[in-house]
Every structure is written in structure tokens, then in C-alpha cells.
Amino acid sequence: MFIFTVDEEVSLALVQPSFAKDYYRIVCQERAYLSTWLAWPPHANEEAFFERFIQGALHDYADGKSLTCAIVYQGRVVGNVSFNTICHQLKKVEIGYWLSESYQGKGIASRSVSAMITKAFEELRVEKVQIAAAVENLPSRRLCERLGFRLEGEISNAENVNGRIVDHAIYGLQVTR
């Protein structure tokens, strides 16, 4: 199994089928919270949902299209961070992430995203990392700003999140030359 150690508390592990039960446990406990900013939680009604997600993520990883990792905090799966897309032609990745509400405020998401940024620039040799966050998702936007991303603009009507149309703030971080 591919595991990337971020620090003494946090590691990122390439998703594997055994994580389906962990993801399902989190969504069962925090479905309402996760549904605030993510479209998929209302549809995640069984472990098989996550088994299919992981199978697809591993297939896309093998094809070089994405990289999806579980966020592991002190040995426990607590969320997810990924290169949702890897665009080799544009030398760009887009990062997505979510974290269990009960583990927020510990710097876990910031450390995980920061590690993915390092991986993008140093290993994949991309020139740009992008994050799209709902305009109203202030914690996610603050994370981008803390990590040095620049607000590049907003896209209206960017996503339907469980019947609510949200705008996206697009953040970019580029290699400085």
C-alpha cells in the first residue's frame, strides 16, 4: 500500500477497498454536515457506494488521471484528499478534500493539502495547483489563503449541492520562476 507520511500524526494512504467501511462510518455519523458542501453524501447509503468510488479512483490512478488518498490521523481514517484531476498537457492538478467534522481545527486538512501541493510540484512537476471552493465555504477558502493560494475569480452557478446551487471561488498556486 502506498502511504505518504506527512508528520508524526498525519499520513496519506492511496485509497484501498478496506477504507470503504471507514468512509461509510464517517458519512453515517456526519451525513448532514458533509452534505453542506459535498453532493455525494445523500447517495452514500451503503459500503458498496465507497467500494465503487475506490475502484474508480484506483482505475483513474493507474491511468494517471487522478490520485485519491485517505487522510489518516493517528492511525484512523478521518477524511480524503485528492488530485481530482491531473492534466499533464496543462501541467496542472486540481485538489479536492473533505475532513470529518470531529477532526477539524487540528490542522489536519492544511497539512494534508500542503503535502499534496509538495507532491504536485516536486514529483509530478506541474506548474499550477488549483482548488475550487464554494464561495460561502469560508473554512475551505481560509485554508487556501493560509497556504498561499491566490483567488483567481468566481464562477457562478458552478455546482448543485443537494438542490442548492453554489458559486465557486477558484484559487490557484503557481510555480514561481
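User: Let's start with strand E3: how many of its residues are buried?
Analyst: Happy to, keeping in mind that this is a predicted model. In a regular strand the side chains alternate between the two faces of the sheet. In E3, Leu67, Cys69, Ile71 and Tyr73 point one way, while Thr68, Ala70 and Val72 point the other way, and all are buried. E3 is thus mostly covered, and the count of buried residues is 7 of 7.

User: Which residue in E3 does Leu12 stand opposite?
Analyst: Strands of a sheet pair through backbone hydrogen bonds, either parallel or antiparallel. E2 and E3 pair in the antiparallel sense, with 5 bridges between them. In this pairing, the residue of E3 opposite Leu12 is Ile71.

User: What is the bridge partner of Leu67 in E4?
Analyst: E3 and E4 run antiparallel and are joined by 7 bridges. Their hairpin has 2 residues between the strands, and Gln74 there takes a positive phi near 50°. Across in E4, Leu67 has as its bridge partner Phe83.

User: And in E5, which residue is the bridge partner of Val81?
Analyst: E4 and E5 run antiparallel, joined by 8 bridges. In E5, the residue that partners Val81 is Tyr97.

User: Nice. Which strands stand at the edges of the sheet?
Analyst: The sheet is open, has 8 strands with mixed pairing, and follows the order E1-E2-E3-E4-E5-E6-E8-E7. Neighbouring strands in this sheet are turned against each other by 25° on average, direction ignored. A strand with a single partner has one side left without a neighbour in the sheet, and that describes the two edge strands, E1 (3–5) and E7 (150–161).

User: What angle does the direction of H1 make with that of E4?
Analyst: Helix H1 packs on the sheet, where it touches E3, E4 and E5. Helix H3 (residues 108–122) also packs on the sheet, and its direction makes about 35° with that of E4. For H1, the angle with E4 is about 85°.

User: Where does H1 bend?
Analyst: A good clue is the span of the helix: H1 (residues 20–34) has 15 residues, and a straight helix would reach 21 Å at 1.5 Å a residue. The end C-alpha atoms of H1 are only 16 Å apart. The helix bends by about 60°, and the bend lies at Cys28.

User: Which helix is included in what covers the buried residues of H1?
Analyst: The buried residues of H1 are Ala20, Asp22, Tyr23, Ile26, Val27, Glu30 and Leu34. Their cover includes strands E3 (67–73), E4 (76–87) and E5 (92–99). The cover also includes a helix, namely H2 (47–62).

User: Is Asp22 buried or exposed?
Analyst: Asp22 meets Arg25 in a salt bridge, with 3.8 Å from N to O. The two residues are 3 apart in helix H1, so about one helical turn separates them. Arg25 counts as partly exposed at 22% relative accessibility. Asp22 has a relative accessible area of 16%, and because the cut-off is under 20%, Asp22 is buried.

User: Which residues are joined into one network by salt bridges that share partners?
Analyst: Asp7 forms a salt bridge with Arg111, with the closest N and O atoms 2.8 Å apart; this pair links the loop between E1 and E2 to helix H3, 104 residues apart. Glu9 forms a salt bridge with Arg111 as well, at 3.1 Å between the closest N and O atoms, and these two lie 102 residues apart along the chain. Glu9 is partly exposed, with a relative accessible area of 26%. Through shared partners, the network consists of Asp7, Glu9 and Arg111.

User: One last thing: what is the relative accessible area of Val77?
Analyst: Val77 is found in strand E4. Leaving aside neighbours within four places in sequence, Val77 is in contact with Phe19, Asp22, Tyr23, Arg25, Ile26, Ala70, Ile71 and Val72. The C-alpha atoms of Val77 and Ile54 are separated by 14 Å. Val77 is buried, and its relative accessible area is 6%.

Technical notes: Residues are numbered from 1 along each chain as its sequence is written. This is a predicted model: local features need pLDDT of at least 70, side-chain atom pairs count only at pLDDT 80 or more; totals for chains, interfaces and linings use all residues. Side-chain values use heavy atoms; hydrogens and water are left out. Helices (H or I, at least four residues) and strands (E, at least two) are DSSP runs, numbered from the N terminus. The expected span of a helix is 1.5 Å times one less than its number of residues. The bend at a residue is the angle between axes fitted to the seven residues ending there and the seven starting there. Buried means under 20% relative accessible area, exposed over 50%, partly exposed in between (1.4 Å probe, protein chains only). Contact means heavy atoms within 4.5 Å. Two strands pair if DSSP finds at least two bridges between them. Axes are lines fitted to C-alpha atoms, for helices over the stretch in contact, and angles run from 0 to 180 degrees between N-to-C directions. A salt bridge is a side-chain nitrogen of Lys or Arg within 4 Å of a carboxyl oxygen of Asp or Glu.
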